[in-house]
Amino acid sequence: MEKQRITQLMGFSGLLLLAVFQLTASPRPQTSFSLIVSEPSATDEFPTVYNSAAEADLLPLPAGEAAASMQLPPGFHAEVFAAEPDVQNPIAMTWDGHGRLWIAENYTYAERSQKWDLSLRDRVLVFRDSDRDGRPDERTVFLDSVQRLTSVETGRGGVWLMCPPQLLFVPDADQDLVPDGPAEVVLDGFEIGDSSYHNLANGLRWGPDGWLYGRCGHSCPGNPGVPGTPIENRPELDGGIWRYHPERKIVEALCHGTVNPWGHDWDSDGELFFINTVIGHLWHMIPGSHFRESFGESSNPHVYDRMDMIADHYHFDIRGRWSESRDGRANDYGGGHAHIGMTICQSSAWPAEYQGRVLTLNMHGRRANVERLERTPTGYVGRHQPDLFVSADPFFRGIDLSFGPDGALYVIDWSDTGECHEHTGVHRLSGRIFRITAPNSVQYSAISKPECLRGDGPLQELWRSYQAGRKTSAQLRELSASDDEHLRVWAIRLLTDFWPLDTITGPLPAAEYPDDPLTLQVLHQLAENDSSGLVHRVLASTLQRLPVSQRAALAGRLIGNQRWAADRDLPLLVWYGLIPLADSAPSVLVDLASTCTWPHLTRFMTHYLATESNQDLDRLLQEAASFPAEQQNAVLLGMQDAWRGRRRVAAPAAWSRFADAADSELSRPVIRELGSLLGDSRAMQELRQIVLDQSAAMPQRISALQSMITADAPELEELCQQVLSVKYLNASAARGLSAVAGGRVAPLLLSHYSQFASADRGTVLEILAARPDSARLLLQRIAAKEIAASDLSVSHVRQLQSHRDAELNRILQQTWGELRDSPEDRLELISSLRDKLSDEELQAADRSAGRLVFARNCSQCHQLYGTGQQVGPDLTGAQRSSLDYLLSNIVDPSALVSREYRMSIVVLADGRVLNGLVVSRDDERVVLRTPQERLVLAADDIDEIQTTALSAMPDGLLQNLSQQQVRDLVAYLMSPAQVPLPAGAED
């Protein structure tokens with residue numbers, strides 16, 4: 001039968017071209033499953049799909065063997081639902097109301113050198129198991145002409161496709177699997193990252209409130225909106241979860257941060273949880289949350305701290321053996337940091353011990369992790385459970401998982417050897433869908449979207465009636481008095497469902513708030529009287545949906561509740577809601593602080609006032625003189641946070657009285673530090689005495705000296721010279737001398753070089769490399785063999801080259817060598833090392849010696865097993881078992897670098913040149929993370945900041961290492977657990 005079909009072509013410019021062509025259904029040769037196949041005719045030939053992987057001759061295990069070899073609990077069974085060639089490169093899945101399985105195939109995703117192959121197209125398949133035998137008997141190509149397809153969802157009269165930078169809607173009202181008309185661009189503005197392009201928008205799923213939810217990684221931010229919406233009226237999306245309402249045409253960025261969420265689901269109470277990668281895997285989504293990221297700070301300068309994941313563990317060994325950190329549980333961490341796909345088991349066909357459990361796929365571990373959700377006073381915690389399965393197929397790359405209408409768990413497998421970056425190319429010709437059943441588990445039932453809508457309980461009835469428009473505001477207000485805390489929570493959410501939510505930096509200019517005093521009264525009553533911490537968490541979140549002028553009244557009722565004084569998240573959520581109020585009426589913060597019982601919130605409010613409003617800070621200090629000691633300490637810490645990096649601050653009139661009132665053994669060090677910034681001569685003298693006191697603890701002496709350096713104390717140069725021979729303290733002295741003595745300090749530092757601890761010598765070299773004149777003296781000492789050339793790291797070499805001084809570069813080449821960093825050099829080195837580092841060679845390596853190489857060359861920027869600095873990504877959970885992965889990242893780190901890891905060259909007014917990562921910057925200061933330390937620089941001291949396209953990790957890291965050192969380092973990096981250092985070595 002001849003049918004009309006719509007073709008969409010997404011060009012690189014993001015424009016959608018629509019073409020209509022005729023489709024004649026013609027069956028393909030039948031597969032072993034006897035599929036009836038419907039697909040486009042040869043008049044619009046689908047591009048030939050190819051493998052681009054370097055090891056294209058490698059193949060996955062046969063699909064049946066891969067299923068049979070899965071390690072599963074007793075009684076569970078895995079089988080193949082579909083496999084290549086019937087499905088290839090599956091990236092997303094969903095079910096429709098007819099029990100049909102929809103699959104998004106992505107062929108355009110390419111290796112990192114190319115990113116996208118737009119000569120190819122992506123397509124949407126539909127599988128149907130009409131005879132219920134666990135295998136499909138119909139396969140339909142619904143659409144095969146989109147590009148950058150990351151997700152598919154059905155409902156509301158058609159099919160929804162996430163094709164960044166756009167969200168598309170393809171009408172199919174009669175659900176006959178043939179589009180009824182052209183695709184509509186529903187939303188645009190989703191960015192496609194230049195480097196971490198795998199972070200792009202994904203994850204379409206309907207929520208219990210009737211909104212369409214999606215996800216986005218923080219390296220592919222954007223400003224989504226209905227086409228034509230001005231940029232100022234679009235929410236800022238910087239990672240996290242977003243949602244869209246099809247009828248009202250509203251889009252919201254619900255939360256901000258994380259790294260690359262690629263899975264989410266709602267539990268039976270309607271709480272939304274999502275999966276993330278790298279910095280933690282399990283998160284509880286609360287609207288308005290600012291979540292932690294892998295690097296950098298929020299684009300809102302007043303977000304002083306961010307919320308963390310809810311799991312009490314990681315799926316990789318960050319501090320030692322799992323048995324040492326997880327209270328004697330099995331020594332199995334869970335496989336690594338990369339998590340993809342998520343579902344919460346709500347299938348009655350599965351055993352009771354799986355009900356409510358989070359199931360997620362672990363890429364590097366080739367398995368499915370299981371998490372048990374438990375309530376805390378105000379939220380949830382995720383507990384580690386035994387894995388559901390482990391795959392023996394080295395190609396297994398699970399992407400998503402979902403329970404089908406038969407109660408079985410369906411798992412889609414991308415089937416490739418690479419990770420998300422696809423360093424070695426893409427195997428496009430393989431792909432699988434596995435079906436996993438529990439003992440006696442086949443029980444057919446209708447599909448619910450989301451799964452939490454299944455059943456006839458009061459929550460399910462609430463969601464269904466709300467979506468149908470049968471719930472009035474009056475009924476929802478009545479529901480706020482329910483005995484069930486979850487019904488009270490959802491009464492709050494639905495009453496304020498269409499109240500505008502703040503974006504990252506506050507309310508949108510076009511935000512229009514309803515006049516609803518009755519609902520506002522309900523919120524106040526719940527804040528005052530409700531005993532549920534979860535209700536209070538939702539109220540704190542709801543602050544960001546209120547008119548700014550009405551936020552103080554609700555916040556004041558929340559922060560007077562001392563039960564939540566030590567809560568991790570509530571002070572953060574309340575503060576996020578108060579930031580716009582602080583911007584418009586900072587004096588209100590003083591009133592709130594006077595009744596606040598939460599020290600963390602008091603610290604945030606003080607930080608704001610100390611930065612933005614001296615008059616109100618003085619008033620706060622007057623009030624704080626009578627605060628409890630814990631709240632006084634919070635005020636001190638807030639001032640310390642605000643003034644970090646400042647040299648001088650005008651003393652508030654109330655400072656002396658407050659400092660005397662707050663003085664205690666706990667607060668005295670902070671009072672001294674602040675006093676030095678405020679010009680308090682008594683505080684300065686006390687700090688000087690501590691620096692020179694040989695009986696004082698070394699951390700205390702270092703802190704005192706650093707405070708004096710920050711305050712540019714009188715006679716600082718003399719003091720630093722006095723302690724330049726004191727090991728460990730002399731590193732801070734060197735920084736101080738560099739700040740006050742300039743280039744003339746070089747001979748002094750060089751003469752004391754041997755007296756610095758080995759771990760501090762990199763800092764001294766960074767100081768010397770910052771100025772051309774001192775750099776020449778340094779290279780002369782290296783040429784004279786007075787300082788080992790091996791002490792000079794590749795980071796130091798790059799810093800020296802940043803001067804762009806031809807004579808200096810000539811001397812550098814003579815004394816240290818030439819940094820070979822052309823693309824040809826790098827490719828040749830990768831190929832050479834791949835040949836040399838055979839399995840036999842790596843087995844003969846000394847991993848302990850490799851750890852020492854890591855400590856001296858890598859730990860300044862990376863952590864591995866809890867050791868090292870957090871400048872670049874933590875390597876512990878990375879795909880370290882892959883030699884290609886390691887070599888690509890070590891030899892060619894700038895080939896694919898996220899914006900947050902791009903190196904900056906900072907030129908200071910005093911002539912110094914520094915290299916590092918700009919963590920944050922504002923009008924007064926810049927936070928720079930160099931390979932040696934974290935620097936807070938006054939903005940007035942900076943002449944220029946140049947952001948490069950280079951990774952902060954330099955090329956040439958292996959260049960001055962021997963072949964044995966390279967072998968030992970790589971073997972250590974591939975080690976599945978920590979190894980001891982060689983005897984007598986310093987880490």
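Two residues are in contact when heavy atoms of theirs lie within 4.5 Å. Keep that in mind for the exercises below, and remember that this is a predicted model.

**Exercise 1. Find out what Ile340 touches, and say where Ile340 sits.**

Step 1: place the residue. Ile340 is part of strand β23, which covers residues 339–344.

Step 2: check how covered it is. The relative accessible area of Ile340 is 9%, and the cut-off for buried is under 20%, so Ile340 counts as buried.

Step 3: list the partners. Once neighbours within four places in sequence are set aside, Ile340 is in contact with Trp262, Ile275, Thr360, Leu361, Met363, Gly398 and Ile399.

Step 4: pick one partner and look at the spacing. Ile275 is 65 residues away from Ile340 in sequence, yet their C-alpha atoms are 6.9 Å apart.

**Exercise 2. Get a feel for the whole protein: how many helices and strands does it have, and what radius of gyration?**

Step 1: count the elements. There are 29 helices and 36 strands.

Step 2: compare with a rule. A compact globule of 987 residues would have a radius of gyration near 30 Å, and the protein has 30 Å, so the two agree.

Step 3: picture the outline. Along the principal axes, the C-alpha atoms fill a box of roughly 90 × 70 × 55 Å.

Step 4: look at inside and outside. Buried residues are 62% of the 987, and the exposed area is about 37,400 Å², with carbon and sulfur atoms supplying 48% of it.

Step 5: ask how the chain meets itself. Take the contacts between residues at least 6 apart in sequence: 64% of them join residues at least 24 apart.

Step 6: finish with charge. The protein has 89 positive and 129 negative charges, and the mean positions of the two sets are 3 Å apart.

**Exercise 3. Work out which side chains make polar contacts with the side chain of Glu293, and whether Glu293 is buried or exposed.**

Step 1: find it. Glu293 is in the loop between β22 (289–290) and α2 (322–325).

Step 2: judge the cover. With a relative accessible area of 11%, Glu293 is buried.

Step 3: look for polar partners. The side chain of His218 makes a polar contact of 3.5 Å with that of Glu293, and the side chain of Arg306 makes one of 3.4 Å.

Step 4: widen the view. Not counting residues up to four places away in sequence, Glu293 touches His218, Asp238, Gly257, Thr258, Ile279 and Arg306.

**Exercise 4. Hunt for unusual backbone: what is the phi of Thr258 and of Arg132, and which peptide bonds are cis?**

Step 1: recall the background. Most residues other than glycine have a negative phi, and most peptide bonds are trans.

Step 2: start with Thr258, one of the residues that Glu293 touches. Its phi is positive, about 65°, although Thr258 is not a glycine. Thr258 lies in the loop between β18 (255–256) and β19 (264–266), and at 0% relative accessibility it counts as buried.

Step 3: set Arg132 beside it. Arg132 has a positive phi near 55° and is found in the loop between β7 (122–128) and β8 (138–146). At 53% relative accessibility, Arg132 counts as exposed.

Step 4: turn to the peptide bonds. Pro164 and Pro165 are joined by a cis bond with omega about 15°, and Pro165 is in the loop between β10 (158–163) and β11 (166–171). The bond from Lys449 to Pro450 is cis too, with omega near -10°; Pro450 is in the loop between β29 (432–437) and α3 (458–467).

**Exercise 5. Explain why helix α29 is described as largely enclosed, and then follow Arg967 to Ser838.**

Step 1: count along the helix. α29 spans residues 963–973, and eight of its 11 residues are buried, so the rest of the structure largely encloses it.

Step 2: name some of them. The buried residues include Val966, Arg967, Leu969 and Tyr972.

Step 3: jump from Arg967. Ser838 is 129 residues away from Arg967 in sequence, with 9.7 Å between their C-alpha atoms.

Step 4: place Ser838. Ser838 is in the loop between α25 (823–836) and α26 (839–843), and at a relative accessible area of 26% it is partly exposed.

Note on methods
Residues numbered from 1 in each chain as written. Predicted model: local features only at pLDDT ≥ 70, side-chain atom pairs only at ≥ 80, totals over all residues. Heavy atoms only, no water. Helix = DSSP H or I, 4+ residues; strand = E, 2+ residues; numbered from the N terminus. Rg over C-alpha atoms; globule rule 2.2 N^0.38 Å. Buried < 20%, exposed > 50% of the residue type's maximum accessible area, 1.4 Å probe, protein only. Areas by Shrake-Rupley, 256 points an atom, 1.4 Å probe, with all protein chains shown as cover. Lys, Arg positive; Asp, Glu negative; His and termini not counted. Charge placed at Lys NZ, Arg CZ, Asp CG, Glu CD. Polar contact = N/O pair within 3.5 Å; in protein donor to acceptor, adjacent residues only side chain to side chain.
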